[in-house]
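The exercises below ask the reader to work through the sheet, the helices packed on it, the nonpolar cores and two backbone details. Each task is followed by a solution that proceeds in steps.

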Amino acid sequence: MRMSRSHVEPGSTVNERSVTTVSGDQVAVPAPGRLTHLQFRRFAGCPVCNLHLRSVVRRHGEIEAAGVREVVVFHSPADELLPHTTDLPFAVVADPGKRLYAEFGVDRSPRALLDPRAWGAIVRAVLSGVREVARGREHLPSTSPHGGRLGLPADLLIASDGRVLAAKYGEHVYDQWSVDELLELAARTPRTPRANPSAR
């Protein structure tokens, strides 16, 4: 069964806050003068999450050039996440208590893994993950991950004033915006002056 939580709808407003990344930095959500892509993933080392995040890493320059800051939330503790995220060029936030998941209405469901639409991605993710682990580029996930394996992904695009411009709540584990979809959504939004990239 899906958890009965209220999804955040486009047009609603996200309160300003500062979140702590796994590296100890403070990041403002929403980002001043930029769009924020707030995405919710699953657990540290999740093969399907890694498959998606590799595409984000490859095109991170395009995402930044579009005025978008990536903030990625996992439901694992920071000490479990850190070995898996040292090479990621964007903010990664640990939320083991699922406070942000509850606030933004992010669900979990057995269909995260059982939906046939996810099976191809799961196979690709496992095969790719084995290859990356063998090359020393990634680490194996825990056999019993904190928060379980049934989380569903979610994406929100948030304006600098906190308005939610678009939202997607996944129906299975690999149901999220592609980079192309994110860039298309960002292109529809009037550009605001960019803040200093070093500003938090």
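**Helices on the sheet**

In this predicted model, α1 lies across β3 (35–40) and β4, and runs at about 165 degrees to β4.

**Exercise 1.** Determine which strands α7 touches and what angle its direction makes with that of β6.

*Solution.* Begin with the contacts: α7 packs on the sheet and touches β3, β4, β6 and β7. Then compare directions, which for α7 and β6 differ by about 25 degrees.

**Exercise 2.** Work out the strand order of the open five-stranded sheet, and explain why β5 and β7 each have one side without a neighbour in the sheet.

*Solution.* The order is β5-β4-β3-β6-β7, and the pairing is mixed. Since β5 (91–94) and β7 (164–169) stand at the edges and each has a single partner strand, one side of each is left without a neighbour in the sheet. Direction ignored, neighbouring strands of this sheet are turned against each other by 15 degrees on average. Turning to one pair, β6 (residues 154–158) and β7 run antiparallel and are joined by five bridges; within this pairing, I158 has V164 of β7 as its bridge partner.

**Exercise 3.** Identify the residues that touch the most other members of the largest nonpolar core, and the elements that give two or more residues to this core.

*Solution.* This core has 27 residues, of which I63, F74 and L157 touch the most other members. The elements giving two or more residues to the core are α1 (47–58), β4 (68–74) and α7 (179–187), and the largest share, five residues, comes from α7. Apart from this core lies another, of 20 residues, which include V19, V27, Y101 and I158. A closer look at F74, leaving aside neighbours within four places in sequence, gives contacts that include R41, R42, F43, C49, L53, L81, V92 and Y101. As background, nonpolar side chains in soluble globular proteins tend to be buried together.

**Exercise 4.** Locate the cis peptide bond and the residue other than glycine whose phi is positive, and place each in the fold.

*Solution.* The general expectation is that most peptide bonds are trans and that most residues other than glycine have a negative phi. Against this background, the bond joining V29 and P30 is cis, with omega about 0 degrees, and P30 lies in the loop between β2 (26–29) and β3. The positive phi belongs to K98, with a value near 55 degrees, and K98 is placed in the loop between β5 and α4 (99–103).

Methods. Residues numbered from 1 in each chain as written. Predicted model: local features only at pLDDT ≥ 70, side-chain atom pairs only at ≥ 80, totals over all residues. Heavy atoms only, no water. Core = buried A, V, L, I, M, F, W, Y, C linked by side-chain atoms within 4.5 Å. Buried < 20%, exposed > 50% of the residue type's maximum accessible area, 1.4 Å probe, protein only. Helix = DSSP H or I, 4+ residues; strand = E, 2+ residues; numbered from the N terminus. Contact = heavy atoms within 4.5 Å. Pairing = 2+ DSSP bridges. Axes fitted to C-alpha atoms, helices over the stretch in contact; angles between N-to-C directions.
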